[in-house]
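The exercises below are to be worked through with the sequence and the model at hand. Each task is followed by a solution in steps.

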Amino acid sequence: RGYKPGVTKVPWSLVVKEERYFWEYMRGALTFLAFDRSTGRFDLSKSFQIEVPPYVQDLTTISWGPGDGLAFANSFGTEGMFGETPYEAKLSKNDYDLLHIVLWKKAEDLCLRQGRCKEINGIKVLSLEDAIKEGVLFFVREPKSPHGVDTSPGGHFISVGGKLAPYATIY
């Protein structure tokens, strides 16, 4: 929303005491960087970001084979709880967290070919609202406090294991 690292200052007391502020104004991002092997550098003109909700996105995998064009990212802390409660207690309130399913090739088309993303600090960004509206970003329940999402060798399945859940889920 116009945040500039090192420039924009948000009083922590405002973030901690007003839950509405957190959910309305804060965002995370999944970043898809294009790497130019000839220069050994990232090419921001071919890179983009997708805004995601303001909780923690964890490990991510890109699928292949039948899932080509999909990316999967774990998340935790979907409770969005802040304040005086100990950190670990905040992260275990919900019975589940959310797996982010991203149609990254569709997002790439929207941002790089159709020009439908805004540019923030030199990189194209697809807003959370547009990512959902355009069918680029989906949320699926996954085990509480997951840590890891992996694609099967054939690309037909993904597996998710929770740190606080004693089981793994196969999608």
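**Exercise 1. The hairpin**

Find the residue in β2 that stands opposite threonine 31, then describe how β1 and β2 are joined.

Solution. Step 1: opposite threonine 31 is glutamine 49, a residue of β2. This and everything below refers to a predicted model. Step 2: β1 and β2 run antiparallel, and 8 bridges join them. Step 3: the hairpin has 4 residues between its strands, and glycine 40 in this hairpin has a positive phi near 75°.

**Exercise 2. A nonpolar patch**

State which residues make the nonpolar surface patch and which strands supply them.

Solution. Step 1: the patch consists of Leu33, Phe35, Phe42 and Leu44 and covers about 400 Å². Step 2: at least two of its residues come from β1 (28-36), and at least two from β2 (41-52). Step 3: take leucine 33, which belongs to strand β1. Its relative accessibility is 41%, so leucine 33 is classed as partly exposed.

**Exercise 3. Aromatic rings**

Classify the ring pair of phenylalanine 32 and phenylalanine 48, then find the further partner of phenylalanine 32.

Solution. Step 1: a pair of aromatic rings is described by the distance between the centres and the angle between the planes. Step 2: the structure contains 3 aromatic pairs. In the pair of phenylalanine 32 and phenylalanine 48, the centres are 5.1 Å apart and the planes are at 10°, so the rings are stacked. Planes under 30 degrees apart count as stacked. Step 3: phenylalanine 32 is in strand β1 and phenylalanine 48 in strand β2, so this pair ties together parts 16 residues apart in sequence. Step 4: phenylalanine 32 also forms a stacked pair with tryptophan 104, with 6.5 Å from centre to centre and 15° between the planes. Tryptophan 104 lies in helix α4 (residues 104-113) and phenylalanine 32 in strand β1, so here the parts tied together are 72 residues apart in sequence. Step 5: ring pairs thus link Phe32, Phe48 and Trp104 into a cluster. Step 6: for burial, the cut-off is under 20% relative accessible area. Phenylalanine 32 is buried at 15%, phenylalanine 48 is buried at 2%, and tryptophan 104 is buried at 18%.

**Exercise 4. The disulfide**

Which cysteines form a disulfide, and are they buried or exposed?

Solution. Step 1: the count is 1 disulfide. Step 2: cysteine 111 and cysteine 117 form a disulfide, with their sulfur atoms 1.9 Å apart. Step 3: the angle about the S-S bond is -65°, and the link is left-handed. Step 4: cysteine 111 has a relative accessible area of 2% and is buried; cysteine 117, at 15% relative accessibility, is buried as well.

**Exercise 5. Salt bridges**

Identify the salt-bridge partners of arginine 113 and of arginine 116.

Solution. Step 1: the structure has 7 salt bridges. Step 2: arginine 113 meets glutamate 108 at 3.6 Å, N to O, and aspartate 109 at 4.0 Å, N to O. Step 3: aspartate 109 and arginine 113 are both in helix α4, 4 residues apart, about one turn of the helix. Arginine 113 is exposed at 57%, whereas aspartate 109 is partly exposed at 28%. Step 4: arginine 116 forms a salt bridge with glutamate 134 at 2.4 Å, N to O. That pair links distant parts of the chain, 18 residues apart: glutamate 134 is in the loop between α5 (128-133) and β8 (137-143), and arginine 116 in the loop between α4 and β6 (118-120). Step 5: a network of salt bridges links Arg27, Glu51 and Glu129.

Technical notes. Residues are numbered from 1 along each chain as its sequence is written. This is a predicted model: local features need pLDDT of at least 70, side-chain atom pairs count only at pLDDT 80 or more; totals for chains, interfaces and linings use all residues. Side-chain values use heavy atoms; hydrogens and water are left out. Patches are made of residues with over 30% relative accessible area and no salt bridge: like charges are joined within 9 Å, nonpolar side chains (Val, Leu, Ile, Met, Phe, Trp, Tyr) within 5 Å. Accessible areas come from the Shrake-Rupley method with a 1.4 Å probe; for residues, only the protein chains shown count as cover. A salt bridge is a side-chain nitrogen of Lys or Arg within 4 Å of a carboxyl oxygen of Asp or Glu. Buried means under 20% relative accessible area, exposed over 50%, partly exposed in between (1.4 Å probe, protein chains only). Rings of Phe, Tyr and Trp (its six-membered ring) pair if their centres lie within 6.5 Å; planes under 30 degrees apart count as stacked, over 60 as edge-to-face and the rest as tilted. A disulfide is a pair of cysteine sulfur atoms within 2.5 Å. Two strands pair if DSSP finds at least two bridges between them.
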